[in-house]
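Thanks, I'll keep this short. I want to go through one sheet and the loops around it.

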Amino acid sequence: MSSAFESRPGRGLTIRRDGPEPDIKWVHHRQNLTCHRDVVFSVEAYGDDASARLLAAGAVTSSQGDIAMRLALPVLLAALIGSPAHAQTTQDNRRDVVLWYEAFDQKKPALLDQILAPEWVDIPSPPGVPPGPAGAKRTLTMLTTTFPDLRIVVEDIIQDGDKVVVRSTISGTQRAEFVGIRAQGRRLSIQAVDIHEFKDGKILRTWHTEDWMTGLNQLGAFER
């Protein structure tokens with residue numbers, strides 16, 4: 001028994017099996033992959049909404065079924081990665097990460113319970129601050145007490161897999177001592193970049209970098 005492989009421009013890949021069994025022909029058109037015996041499998045993905053379906057019809061031998069499944073599996077996996085469920089998870093992560101910034105901006109610590117895993121880790125973590133939502137709430141209280149008019153504006157959101165990167169602007173007027181700097185009613189405005197790692201719909205870890213050098217200078221920390 002032999003197999004013939006033929007690739008035609010604009011028509012994708014055609015595979016025919018010669019021999020006593022009926023022909024099996026696969027034709028791949030962009031994201032559509034169809035196997036005919038009459039019809040063995042059809043896997044279809046539709047553009048950005050990436051809905052996918054797997055159809056089976058007709059009687060096939062085990063060897064034909066194995067060939068069909070081996071050829072269909074990579075396309076099926078690719079379709080599922082772009083499936084509505086996967087797209088929804090991505091959308092949910094982007095939506096939920098904004099709640100972190102709303103919690104600080106609007107002084108709503110309860111929002112942190114919605115988005116942080118119980119074992120959430122802050123990297124780097126301030127000294128003496130516990131992990132999990134309780135630690136985040138302590139940081140929120142400290143910042144909003146020191147800067148009662150604290151504002152955090154989200155500038156950019158970028159997602160890569162289970163990590164969401166956010167660039168934001170933090171601003172506020174100092175009304176209480178901050179890292180040893182007495183309050184002089186000065187205002188700071190700094191950039192921050194955070195990487196939030198999601199797992200099972202919750203933020204598991206957050207890496208953060210703030211331009212505190214600029215902020216401390218604005219607060220007069222380096223004046224003599």
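When I say strand, I mean a DSSP run of E over at least two residues, and strands are numbered from the N terminus. Bear in mind that this is a predicted model.

The sheet first. It is open and has five strands, in the order 7-11-10-9-8, with mixed pairing. Strand 7, residues 116-123, and strand 8, residues 151-160, are at the edges; each has a single partner strand, so one side of each lacks a neighbour in the sheet. On average, neighbouring strands here are turned by 20° against each other, ignoring direction.

Take the strand 8 end. Strand 8 pairs with strand 9, residues 163-173, in the antiparallel sense, over nine bridges. Asp156 is found opposite Arg167 of strand 9.

Helix 4, residues 133-146, lies across strand 7 and strand 9. Its angle to strand 7 is about 55°. The loop between strand 7 and helix 4 contains Pro124, and the peptide bond joining Ile123 and Pro124 is cis, with omega at about -5°.

Now the backbone in two other loops. Which residue has a phi near 40°? That is Val179, a positive value in a residue other than glycine. Val179 sits in the loop between strand 9 and strand 10, the latter being 187-199. Its relative accessibility is 62%, and the cut-off for exposed is over 50%, so Val179 counts as exposed.

Asp200 also has a positive phi, near 55°, and again is not glycine. Asp200 belongs to the loop between strand 10 and strand 11, residues 202-210. With 73% relative accessibility, Asp200 counts as exposed.

That's what I have.

Notes: Residues are numbered from 1 along each chain as its sequence is written. This is a predicted model: local features need pLDDT of at least 70, side-chain atom pairs count only at pLDDT 80 or more; totals for chains, interfaces and linings use all residues. Side-chain values use heavy atoms; hydrogens and water are left out. Two strands pair if DSSP finds at least two bridges between them. Helices (H or I, at least four residues) and strands (E, at least two) are DSSP runs, numbered from the N terminus. Axes are lines fitted to C-alpha atoms, for helices over the stretch in contact, and angles run from 0 to 180 degrees between N-to-C directions. Contact means heavy atoms within 4.5 Å. Buried means under 20% relative accessible area, exposed over 50%, partly exposed in between (1.4 Å probe, protein chains only).
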